[in-house]
Structure formats: structure tokens, C-alpha cells
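Here is a short report on one protein model. Please look over the sequence and the structure first.

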Amino acid sequence: MDFEFTDEQNMLRKTVRDFVDKEIMPNIAEWDEKGHFDTSILDKLANLGLMGVCIPTQYGGSGMDYNSLAIVCEELERGDTAFRTAVSVHTGLNSMTLLQWGSEEQKQKYLIPQAKGEKVGAFGLTEPGAGSDVAALQTTANRDGDFYVLNGQKTWISLCDTADHFLVFAYTDKDKKHHGISAFIVERTYPGFSSKATKGKLGIRAGNTGELFFDDVKVPKENLLGEEGEGFKIAMSALDNGRFTVAAGACGQIMACLEASVDYCHERKTFGKEIGKHQLVQQMIAKMEAGLQMSRLLVYRAGELKNDGKRNTRETSLAKWQACDYANQAADDAVQIHGAYGYSNEYPVERYLRNSKAPVIYEGTREIHTVMQAEYVLGYRKDKQLNRMLPEWPFE
């Protein structure tokens, strides 16, 4: 076991932290209040090579390891969840899935421009009646000559109005239930495709989230990802990558809560002393620190399994569940430490609390992950090696 970050990883962390301090921190309160997603941030991340940080250089990426992606997500969420979410969806859910399951032609056409940040990718799985129960999705894809014709709707899709390419999951054979789901690469420009942003969200207001609509969208058969009927398996492997980035981001949110709370503990005085001197305040600070350190260990352990080319569904599930719960608790405690001021946007902690709720729900609710972990321990759930795995790092 090696708990040290490499010089390259430390330099990466500093680069992203400096970027967040310069480009996101001064603007995020305004963007959050206005519900504005600043797409120029994605262009600037691309210029730094961060939109394909763990994609091999032969496919336009920076060629760093999977834990480098965790570092990027951690530091971005310290700025705001919206921008970590963008990288999670673009890199974790879309590009890494293309890297794992795509044909060489698909990688050349879609992965390379995404890894370079020239195009943005997103992920379309959730529907109004299909969240945790993926097999309940209603979107269909019927073969018609050299095309599949897609009809249906997706909801709670990050980058809905921003992305150029979408990984979309639909039934090609509903009689086979989840074995009849297939995955497709859909371009925004295809006739019959449309999107609409969702307003009135509790948190992540500086992000772009909404619905996708498919009205007889003709998708070339070459855009089938994997084989017909492999969609459920592809979606679950994609979620391993997405959950990994969400867990890493949760560590960044705990960091943000700690930084804001420590500053306030030294700034605010009650009963003649800094509030940091009060033991029950210290208890909340200590819980944040414990949550941060435990979450990081779980996240970077999962990342090392990815680096070694091993299944990590169990470990990533545990990291996502625990890190998101710790982040939610840290944000709640941060508001409590700030007292009445924590209830206003004069301080960032109210935004942290609002943002912290969504990751507890998406990419597997805490309840889903609780059941998964119990089933692993009880022996009811076992993971088999997939017929296609992410490439080991270092990449050839």
C-alpha cells in the first residue's frame, strides 16, 4: 500500500485548485442565484487537458491514472457541485464508457473530440418512471434498415442543453426485460431530438439539468454501443465510473465545508472566546475531518482497483454511499456552526447544504447502496468479470 500522491498528482491538484480559486469562486454565488451554467468553464477545463484527464493520449486524453480523475472531481466540487457534475457526466459516465465498450470507429469519431474537450458528452438513462428501477424504462429503439428509431423521454439529465453527444438507453426487445436494453450514441443534431432544462431545483442551480425527448429519432446502426441487449450491463459499468467521480466530489464538498467552518470558527466569538473553543463546535469539526479522511481512503482504494483493471462495483458503491452521506452531514454541520448566518447566502454553506442532497439520491440512492452492501456481505451478490473492462493504467 502506498498512501502518497505522486508529484504529477500533487501538481494536478494545485492546478485545479488554482483554477477553481480564480475562475469559479469569485462568480459562483451569482451563477447559483441566477441559475446560470457558464459553459466557458468547460472550454477552460479543456484547455488544461481536464476534460479527458484519464483517457489515453491515443484517444485525445491526458493519459493520467483514474485517481487523477478523482483529484480533479474533488477540487472542482470544492468550488461547486455543478462543475464536478459536468466532468462526472462527460468523462465518467460517457467518455470512460466509450473507452470501455466502444468500437475503434466509435472511439475515433466520438471519444477523441470529447477527450480533447472539443465536444461534450452526456448520459441518458433516468426516465420519469425509471430511476432506481432501470428495467422500468419506456424508451424504445426499433430497427429499421440501417437505423434504429428511438422514441421516448429521459429526465434529470445533466448537460441536457449543453452536450453534443448522448449515451441513451432504450429497449430493443421489451420481452427480455433488462436483457433487452441496448445503448446508443445519439447526436444532438439528429432530427426529432430536443431538450428542456428543469427549473426550480433545490441545489446545483449553477448546473444544466433537464429532459431529453426522442420523437422518431433515427440513429445509425453504427451508433449501437456494444451488442443488442448489452445496454443494462453497459449502464451498470458506466455507473461504476460515475459513482466513483461522485464520491470523489463529495470529498471536495467536505473540504469546502471544513474550510468555511474553520474560518468562521476563528472569526466568530461568543461568550468571550472564538466559537472554535466550544467543544460541541469542535465535535462537528472533528466529524467533518473524520468523514473526509475515511471517504478519501474509500475513493482512492476504488481508483487503484480501476488502475489495476479489476472490478470495483462493490468498493465504488461503498465509497459513493459513505462519502455522499458524510458530505451531506458536513454541510448540515457547517450551517449549524455558522448559526443564523449559515441560513443566508452571505456565506457559502447554505449552498453547500442545498448541493449536498442531490448526490445522496442520484447514481444510486443511499438505500440502493445500503442493500447492495448487505447483499455482498450476505453472499447474495457477486460480481463477474465483464467481457470488456477499462484498460489498466499505465496505458500502453
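The report covers a pocket and then a helix.

## The second largest pocket

This is a predicted model. Its second largest pocket holds about 630 Å³ of space. Three elements each give two or more residues to the lining: α1 (7-24), α4 (66-79) and α8 (279-307). The largest share comes from α8, with 7 residues.

In total, 20 residues line this pocket. Nearest its centre lie Asp2, Phe3, Glu4, Asn67 and Tyr300. By type, the lining of the second largest pocket has 7 nonpolar, 6 polar and 7 charged residues.

## The length of helix α11

Helix α11 runs over residues 366-378, which makes 13 residues. How far apart should its ends be? At 1.5 Å a residue, the helix should span 18 Å. The end C-alpha atoms of α11 are 18 Å apart, so the model agrees with that expected span.

## The buried side of α11

Which residues of α11 are buried? They are His369, Met372, Gln373 and Tyr376. These four cover an arc of only 95° around the axis, so they sit on the same side of α11. An α-helix has 3.6 residues a turn, so residues three or four places apart point the same way.

What do the buried residues of α11 pack against? Their partners are α7 (231-267) and α9 (313-338).

## Just after the helix

Gly379 comes just after α11. Gly379 takes a positive phi, of about 85°.

Definitions and conventions
Residues numbered from 1 in each chain as written. Predicted model: local features only at pLDDT ≥ 70, side-chain atom pairs only at ≥ 80, totals over all residues. Heavy atoms only, no water. 1 Å grid on protein atoms, 1.4 Å probe; cavity = no way out; pocket = protein on both sides within 12 Å on 5 of 7 lines; lining within 4 Å. Points joined across faces, edges and corners; volume = space filled by probe spheres on them. Nonpolar A, V, L, I, M, F, W, Y, C, P; charged D, E, K, R; others polar. Expected span 1.5 Å × (residues − 1). Buried < 20%, exposed > 50% of the residue type's maximum accessible area, 1.4 Å probe, protein only. Arc of directions from axis to C-beta. Contact = heavy atoms within 4.5 Å.
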